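Trainee: Could we go through this model together? I would like to practise reading it.
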Amino acid sequence: MAAFPIILWILHYVICILAMEDDDVQIINGMGNKISVLPDGSCRCQKELTKWDKLFVMLENSQMKQSMLQHAIQEVCRVDCRRMQSEVHQVTATFAETATRAVERAMSQLAARPDWKPAYKVEDFGKSKTENESEQKSTLQQLLTVTQDLSARLHTLEMSWQKAMLATFQSSSPDGNESAQRKLDSFEWSSPGGEHTESQRCSTKHLLPSGYEMALIFPMRSRTIYASVHPDTMTLSSFTASVWVKASASQEKTVVFSYGTKRNAFEIQLYFSRSSTVFSVHGNASRAVAHNALSLGEWSHLCASWDSGHGNATIWVNGQVAASSWSGAGRVIPDRGLLQLGQEKNGCCGGDGFDKNLAFAGKLTGFNIWDRVLSEHEIQSLASRESSHSMAGNVVAWGVTEIQAHGGATFIYH
């Protein structure tokens, strides 16, 4: 309501301006010449304004009136904002004063009651803190007692296991106690305060070799369980393939990895045959067989190299040359084939015609392929459990090149 008179004043002001504009137009048209002298000293009747002069005069007048109107509207808005701000401050102050009086009144009423007292005092908080600290110390003491008890039990179990193993070795050793003791010592048994316990040795058997953190597990022999590897190219005149393998079983032919094309499904193969390890290139053109080179249930490092210039195919087992073959020189491994882990390419497309009797069961890790024949020192470094993971192939690199697991094949991480 306070802004209503101001709005009426603005409307009155606008009407007056419009009336003045009408008079100016009449003066310009010569219908009511109230100004007889122009700014240059000449008479208006003697100098007639052109239509452009009239237009400019009207434009200047309209801009001036627009500015005046905007200024008036801004002034009205400024006055209203100040008034609203004042009212808000007044309401806030009134509410704060009322709330303060209400709180003071309530506190005075509570203090006047003889039976009222605070629920907690400073002394109560101190007492509660002391009780919590005492409870924590009691809990830690109980944990320490339980830990000591478990340690004693583990020590008892280890000693019992040691006695049982010693009795077993004594019964199976014809040399008596000395031979049994030597066998027992070969387990590197030590007390709980020693460096290595048998439980620690058993746990290390389940770790991956050479510091690898990822492995591919094939839980069973199946025609649908395998893994496909997708390198950028497989055109090779020489190569070296390296892999860590822990096989669960081996039959007449258990494929570790294979590479095949439409023309030849057996370009490259590395497989187990009972206790032997077989490496073949171009079918049987280059074929090397390492007898008694498989230990089921244990990690073994296999390395296979081939050179087209001499046709030399070589198998390395745990860093040592196990077998070699000299044949099939001058050939080249073609591209656009299928590289697979745990199966061989028996059909024209991946996954067709797989035979479960050829499937691999177990774990493998560190599968790498280079486009050259590695040196003896490099292969021995690959077979080392300390530095093998630091060397990656330039054709297939474990952990870098895409590998797709199919069926029940699964990646595990340690």
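Trainee: Is leucine 55 buried, exposed or partly exposed?

Mentor: Happy to help; first, this is a predicted model, where local features need pLDDT of at least 70, side-chain atom pairs count only at pLDDT 80 or more, and totals for chains, interfaces and linings use all residues. Residues are numbered from 1 along each chain as its sequence is written, and side-chain values use heavy atoms, leaving out hydrogens and water. Buried means under 20% relative accessible area, exposed over 50%, and partly exposed in between (1.4 Å probe, protein chains only). At 45% relative accessibility, leucine 55 is therefore partly exposed.

Trainee: Which rings does the cluster with Phe239 link?

Mentor: Rings of Phe, Tyr and Trp (its six-membered ring) pair if their centres lie within 6.5 Å; planes under 30 degrees apart are stacked, over 60 edge-to-face, the rest tilted. Phenylalanine 239 and phenylalanine 279 are edge-to-face, at 6.1 Å centre to centre and 85° between the planes. Phenylalanine 239 and tryptophan 306 have centres 5.9 Å apart and planes at 40°, so that pair is tilted. Ring pairs thus link Phe239, Phe279 and Trp306.

Trainee: How buried is tryptophan 306, as a relative accessible area?

Mentor: Phenylalanine 239 counts as buried at 1% relative accessibility. Tryptophan 306 is buried too, and its relative accessible area is 0%.

Trainee: In strand 9, which residue is the bridge partner of alanine 304?

Mentor: Strands here are DSSP runs (E, at least two residues), numbered from the N terminus, and two pair if DSSP finds at least two bridges between them. Strand 8 (residues 300-307) and strand 9 (residues 312-317) pair in the antiparallel sense over 6 bridges. The partner of alanine 304 in strand 9 is isoleucine 315.

Terms used. Helix = DSSP H or I, 4+ residues; strand = E, 2+ residues; numbered from the N terminus.
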